[in-house]
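Subject: Structure for your review

Dear colleague,

Please find below the structure that I agreed to pass on to you. I would be grateful if you would look through it alongside the notes that come after it.

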Amino acid sequence: MVDQLVADQEAKGLVMRPEVEAALRTVPREVFTPGVAVEEAYRGDSAVVTKRRGEETLSSVSAPWLIAEMLGQAADALDGGLAGRHVLEIGSGGYNASLLRELVGESGSVTTVDIDPEVTERAVACLTAAGYGDVTVVCADAEQPLVPGPCFDLIIVTVGAWDIPSAWIGQLVEGGVLVVPLRTFGMTRSWALRRDGDRLVSRSQRLCGFVAMQGAGAHDVRYVDVADGVHLRLDEGQQVSPNLVGGLLSRPREQAWAEVALPPRTVLADLDLWLAARLAAEVDQFVVLAAQQEAVDAGVVAPAWRFGTPAALHEGTFVYRSALRWTDDMFDLGACAHGPDAAGAAGRMVAHMRAWVDGGEPAPVLHVLPARTPDGDLPAGTVLDKRHSRLVLTFTPA
């Protein structure tokens, strides 16, 4: 498993830190996935579900590739790495906490918290069986502080969050790091954010997906079905008529291309955030389009990624980033649109794509500030207001 994870990171242009690799080779993952075949437990690309409610996943042991990348993010963002650090994990499965225990060493500490007593009881049993009984396990809602004042060098969140409560920032020491799978514009990224006074600034981000937060910090995503096997993901209070969008999808499709030639390693997750930031300021509603494979095969939609691609509805026209056009080992970026201004909408979207390429494929930087921060004190960028915080998305050359 670890050999494959190292190779996968190299293919992405990443380098796995030696201490992370050593921890992954040390901790017995199968202890944290009882009742699951060893081959399944050690699949590097798959999470192991440990609790369900009907079809909904409530708890899981995260996929090894994602755990490895998030631990790398944490270690890279902390000057000097993780040795000797004091860490809070939010969302307990046990496996990630044991890896953190290996990484912080004898002089460090790991506390893991979860809102579900079944999850924490299971974590205690698995950690003890694996030889990590010195990890502190707490059953509580992490929306509220576990301890008064700053005392953690790292807070790593292993559940999907919509916002960043002040308690998380308040428990970080100055210069401490928060690694959190945060939804921005309906798209989840694992952000490594470093504390600077009352604000956080990102050091890296990775595409990811996680089981949603429960408790006071829960925020449900709305899904609107617009055609058979096609839905829109609404996460920031958008109001969209499903009949309108469904009717538009039945109209002829206009296709536009950016006329660029990009290599396979290009990180298009950064482009999606670029489009979100640009389109959110221009259109009536920015949304995320998702589709089942049957709808793609039937030609109902042709999204860039069927699990979630940037889309917009503006003045009766619907547009989204389309599937790539390959020529040999290079690809072009495109947009599909339906409606009275389909050609214009597709052209404007691909113009934003060309601007991203021409600008050196800039990488996103996320600033997190308290909700009370006045507009004049925000950095220049695209602002997204949450319950507890104001997020500002900016871009720097990659």
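The notes below describe helix packing, aromatic rings and a few loop residues.

Please bear in mind throughout that this is a predicted model.

Helix packing

I begin with helix 2, which covers residues 18-26. One of its partners is helix 1 (residues 2-11), and the axes of the two lie 10 Å apart at an angle of about 150°. Angles over 145° count as roughly antiparallel, and helix 1 and helix 2 are therefore described in that way. Their crossing is right-handed. On the side of helix 1, the contact is made by Val2, Asp3, Leu5 and Val6, while helix 2 contributes Glu21, Leu24 and Arg25.

Helix 2 also meets helix 5 (residues 95-104), where the axes come within 9 Å and cross at roughly 125°. That angle makes helix 2 oblique to helix 5. The crossing of helix 2 and helix 5 is right-handed. Here the contact involves Glu19, Val20, Ala23, Leu24 and Thr26 of helix 2, together with Tyr95, Leu99, Glu102 and Leu103 of helix 5. You will see that Leu24 appears in the contact with helix 1 and again in the contact with helix 5.

Tyr95 of helix 5 deserves a further look, as Arg29 lies over the face of its ring, at 4.9 Å from the ring centre. A similar description applies to Arg278, which is placed over the face of Trp274 at 3.7 Å from the centre of the ring.

Aromatic pairs

A pair of aromatic rings is described by the distance of the centres and the angle of the planes. The model has 6 aromatic pairs. One of them joins Phe185 and Phe286, whose centres are 6.2 Å apart and whose planes stand at 85°, an edge-to-face arrangement. Which parts of the chain does this pair link? Phe185 belongs to the loop between strand 7 (172-184) and strand 8 (187-196), whereas Phe286 is in strand 13 (residues 285-291), so that the partners are 101 residues apart. Both Phe185 and Phe286 are buried.

In another pair, Phe318 and Tyr320, the ring centres are 6.1 Å apart and the planes are at 45°, so this pair is tilted. Phe318 and Tyr320 are both buried as well.

Loop residues

Most residues other than glycine have a negative phi. Glu315, however, has a positive phi of about 50°. Glu315 is located in the loop between strand 14 (309-314) and strand 15 (317-321). With a relative accessible area of 62%, Glu315 is exposed.

Glu361 likewise has a positive phi, near 55°. Its place is the loop between helix 11 (342-358) and strand 19. Is Glu361 exposed or only partly exposed? Its relative accessible area is 25%, so Glu361 is partly exposed.

Strand 19 (363-370) also borders the loop that holds Ala380, and strand 20 (382-385) lies on the other side of that loop. Ala380 counts as exposed because its relative accessibility is 73%. Beyond its neighbours within four places in sequence, Ala380 is in contact with Val392 and Thr394. Between Ala380 and Leu393 there are 8.5 Å in space, C-alpha to C-alpha, and the two residues are 13 residues apart in sequence.

Yours sincerely,

A colleague

Key. Residues are numbered from 1 along each chain as its sequence is written. This is a predicted model: local features need pLDDT of at least 70, side-chain atom pairs count only at pLDDT 80 or more; totals for chains, interfaces and linings use all residues. Side-chain values use heavy atoms; hydrogens and water are left out. Rings of Phe, Tyr and Trp (its six-membered ring) pair if their centres lie within 6.5 Å; planes under 30 degrees apart count as stacked, over 60 as edge-to-face and the rest as tilted. Helices (H or I, at least four residues) and strands (E, at least two) are DSSP runs, numbered from the N terminus. Buried means under 20% relative accessible area, exposed over 50%, partly exposed in between (1.4 Å probe, protein chains only). A charge sits over a ring if NZ of Lys or CZ of Arg is within 6 Å of the ring centre and within 35 degrees of the ring normal. Axes are lines fitted to C-alpha atoms, for helices over the stretch in contact, and angles run from 0 to 180 degrees between N-to-C directions. Angles under 35 degrees count as roughly parallel, over 145 as roughly antiparallel, 65 to 115 as roughly perpendicular and the rest as oblique. A crossing is left-handed if the near helix is turned anticlockwise from the far one by less than a right angle, and right-handed if clockwise. Contact means heavy atoms within 4.5 Å.
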